[in-house]
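Let's look at how the strands of this model earn their labels. Each question below asks what lies behind a term.

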Amino acid sequence: GRFVQALSTGALDSPPIIRLGRDQPLALSYAQERQWFLWQLEPQSAAYHIPAALRLRGALDDEALQRSFDGLLERHESLRTVFALDGERTIQRIAPPSALLIDRESLHSDEPVALKALVEAEIGGPFDVWKGPLLRVKVWGLGVDDHVLVLVQHHIISDAWSMEVMVEELVQ
């Protein structure tokens with residue numbers, strides 16, 4: 001009733017949301033400030049890493065995988081974000097789109113215990129929020145048609161829901 005009428009008459013007009021230029025310092029959100037504070041306390045901790053692991057069966061087209069990740073970085077600024085000091089405050093900087101380094105390694109065994117240890121080590125590796133990138137991708141080739149893909153993001157640029165969206169986009 002009244003709310004719909006107010007919307008249609010413009011009674012609830014608010015100023016438009018204006019996109020800030022990416023060439024200026026950008027403030028951290030409240031959630032980013034919290035993550036930045038926690039990272040400073042324990043930069044080696046993996047407590048705030050958001051991982052995803054996929055087992056890929058069939059031939060892997062490395063060029064298509066690279067294009068897919070590069071497209072994700074182009075579309076999602078958060079994947080290109082790093083942090084810097086601007087006087088006394090921390091700011092975020094968004095880098096221009098570029099190619100993501102995908103770390104590739106061949107394994108001669110798919111022994112579950114060894115593979116699990118490798119995946120856990122990849123997930124636990126530290127991030128440098130100053131230099132980035134804050135997304136890591138590792139592919140282990142277990143054979144011509146068998147691969148393990150591990151993605152790890154720092155929570156300062158992502159959350160579990162965002163990781164799920166990214167994996168869905170990647171698979172598409």
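Q: What makes strand 3 and strand 4 (residues 89–94) a pair, and in which sense do they run?
A: Two strands pair if DSSP finds at least two bridges between them. Here 6 bridges join strand 3 to strand 4, so the definition is met, and the two run antiparallel. For a single contact to look at, find L85, which stands opposite T90 in strand 4. The strands themselves are DSSP runs (E, at least two residues; helices are H or I, at least four), numbered from the N terminus.

Before going on, a word on the model: it is predicted, local features need pLDDT of at least 70, side-chain atom pairs count only at pLDDT 80 or more, and totals for chains, interfaces and linings use all residues. Residues are numbered from 1 along each chain as its sequence is written, and side-chain values use heavy atoms, with hydrogens and water left out.

Q: Why is strand 6 (residues 135–143) called largely enclosed?
A: Buried means under 20% relative accessible area (exposed is over 50%, partly exposed in between; 1.4 Å probe, protein chains only). In strand 6, 8 of the 9 residues are buried, so the rest of the structure largely encloses this strand.

Q: How do you know that strand 6 pairs with strand 7 (residues 146–154)?
A: DSSP gives 8 bridges between them, in the antiparallel sense, so the pairing definition is satisfied. V139 has L149 of strand 7 as its bridge partner, and a hairpin of 2 residues joins the two strands.

Q: In which sense does strand 5 (residues 102–106) pair with strand 6?
A: They pair in the parallel sense, over 5 bridges; S106 has G141 in strand 6 as its bridge partner.
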